[in-house]
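Visitor: I have not looked at this one before. Can you walk me through its pockets and the ligand?

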Amino acid sequence: MSKLFASYIIKDLELKNRIIMAPMCMYSAGDDGKVTDWHVIHYASRAVGGVGLIIQEATAVESRGRISSRDLGIWDDSHIDGLKKIVEAVKSNGAKIGIQLGHSGRKCEAESEKIIAPSPIAFNEEYRVPAEMTKEDIKAVVAAFKAAAQRAKQAGYDVLEIHGAHGYLINEFLSPVTNKRTDEYGGSPENRARILKEIIRAVRDVWPKEKPLMMRVTAEDYVDGGNHPDDLAELINLVKEYGLDLIDVSSGGVVSVAPKAFQGYQVKFAEIIKEKTVLPVVAGGLVIDPNMAEEILQNNRADLIFIGRALLRNPYWPLQADYELSNETNWPVQYERGRLRKR
Ligand SMILES: Cc1cc2nc3c(=O)[nH]c(=O)nc-3n(C[C@H](O)[C@H](O)[C@H](O)COP(=O)(O)O)c2cc1C
């Protein structure tokens with residue numbers, strides 16, 4: 001059996017394999033943040049295709065925390081019923097499901113919203129200048145993450161992922177490039193991590209102890225004066241004791257500079273975070289070849305692998321990967337006659 005298709009246990013959750021579908025915004029919700037048929041079909045298809053754990057796209061904890069006016073939302077109890085439909089469709093097709101709780105901060109492009117951030121600096125000239133967050137705003141955002149975690153529990157998700165990456169609100173606090181505050185939420189690593197610590201504690205108050213809590217991080221800002229993997233490891237070490245179980249390692253998005261992307265370009269960052277935090281990690285970013293995924297796992301460079309765009313192109317990526325690696329996994333019985341076979 002390949003390691004990619006070996007099961008993985010974290011807390012009370014057993015994954016049938018180590019393939020994680022990366023969170024990817026579909027910009028297909030109504031402008032009220034509600035789930036549409038698209039989401040149910042899209043996520044259920046990847047469950048049929050053999051993904052072990054699906055992480056649902058960034059889902060906004062406040063309406064001003066949306067990236068666009070078509071983002072999914074979890075800021076109101078009226079969102080729960082639609083989210084349940086996604087959860088049920090995924091679980092009944094053999095995969096586990098997590099939800100990424102997000103707040104876009106200064107990168108909110110929904111015109112109707114007033115936008116907030118740790119400091120009043122626009123992302124670039126095409127974006128609006130955000131209002132500097134008051135202490136009340138900070139309290140409101142922490143409370144919004146908590147209420148969202150409670151709703152996620154009600155909807156039945158297996159895993160919760162805090163979106164701390166890609167230059168959105170939490171990341172804006174963590175990075176010295178976007179956080180110029182002079183109060184207790186800016187400056188030292190302890191101060192920049194303070195809101196994250198408060199969010200983790202608030203979420204952990206309502207998210208069951210036996211269920212995993214993940215966080216997605218930007219481990220590399222790709223700019224002088226920004227965070228690098230060692231900095232992120234230090235920030236994670238300051239907050240992990242409050243209940244983080246797994247780190248999903250990504251990069252970029254703090255400044256508008258595109259990283260030089262090549263196959264596996266973020267794997268080294270995941271390796272550093274794993275070593276320095278001693279937490280399990282998910283690695284990915286242009287991992288498209290199953291043999292590369294297998295190499296990363298066999299060499300203990302990461303514990304799980306995330307796959308993004310390859311799963312947009314092909315929902316059956318896991319089934320085809322299994323064929324290339326060991327051809328042992330079960331196909332959906334309805335598709336058994338289409339199974340790839342080695343002669
Ligand atoms: C259409 C699209 C939407 C995305 N939305 C999110 C998102 O909601 N949250 C997130 O953390 N990353 C998001 N990402 C980044 C992916 O999760 C992933 O990290 C990135 O695509 C690199 O992995 P890949 O090379 O396997 O695609 C998105 C990427 C794409 C292509």
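Guide: Yes. Keep in mind that this is a predicted model. A place to begin is helix α10, which gives four residues to the lining of the largest pocket, the largest share.

Visitor: Where does α10 sit in the chain, and which strand also supplies at least two residues of that lining?

Guide: α10 covers 309–313, and the strand is β13, at 304–307. Each of them supplies at least two residues of the lining.

Visitor: What volume does the largest pocket have?

Guide: About 860 Å³.

Visitor: And how many residues line it, and which lie nearest the centre?

Guide: The lining has 36 residues. His166, Arg216, Ser250, Tyr265 and Arg309 are the ones nearest the centre of the pocket.

Visitor: How does that lining divide into nonpolar, polar and charged?

Guide: There are 22 nonpolar residues, eleven polar and three charged.

Visitor: OK, on to the ligand. Which space does it take?

Guide: The ligand takes the space of the largest pocket, the one we have just gone through.

Visitor: Which residues come nearest to the ligand?

Guide: Pro23, Gln100, Arg216, Leu286 and Arg309, out of 15 residues around it. Arg216 and Arg309 also belong to the residues nearest the pocket centre.

Visitor: How does the shell around the ligand divide?

Guide: Eight of its residues are nonpolar, five polar and two charged.

Visitor: What about polar atoms, say on Arg309? How far is its side chain from an oxygen atom of the ligand?

Guide: A polar atom of the Arg309 side chain is 2.6 Å from a ligand oxygen. Gly308 has a polar backbone atom 2.9 Å from an oxygen atom of the ligand. On Gln100, a polar side-chain atom lies 2.8 Å from a ligand nitrogen.

Visitor: How much of the ligand's area does the protein bury?

Guide: The protein buries 81% of the 610 Å² that the ligand exposes when taken alone.

Visitor: Changing topic: how much space lies in the second largest pocket?

Guide: About 190 Å³. Its lining is made up of 17 residues, and Ala47, Val48, Asn93, Trp331 and Pro332 lie nearest the centre.

Visitor: Which helices supply at least two residues there?

Guide: α1, at 37–48, and α11, at 317–325, each do so.

Visitor: Last one: how many of those lining residues are charged?

Guide: One is charged, while nine are nonpolar and seven polar.

Note on methods. Residues are numbered from 1 along each chain as its sequence is written. This is a predicted model: local features need pLDDT of at least 70, side-chain atom pairs count only at pLDDT 80 or more; totals for chains, interfaces and linings use all residues. Side-chain values use heavy atoms; hydrogens and water are left out. On a 1 Å grid over the protein atoms alone, a cavity is a set of points where a 1.4 Å probe fits but cannot get out, and a pocket is an open set with protein on both sides within 12 Å along at least five of seven lines; lining residues have an atom within 4 Å of a point. Grid points are joined across faces, edges and corners, and a volume is the space filled by probe spheres set on the points. Ala, Val, Leu, Ile, Met, Phe, Trp, Tyr, Cys and Pro count as nonpolar, Asp, Glu, Lys and Arg as charged, and the others, Gly among them, as polar. A residue is near a molecule or strand if one of its heavy atoms lies within 4 Å of it. A polar contact is a pair of N or O atoms within 3.5 Å; within protein, one must be able to donate a hydrogen and the other to accept it, and residues adjacent in sequence count only if both atoms are side-chain atoms. Accessible areas come from the Shrake-Rupley method with a 1.4 Å probe; for residues, only the protein chains shown count as cover. A molecule sits in a cavity or pocket if more than half of its atoms lie within 2 Å of its grid points.
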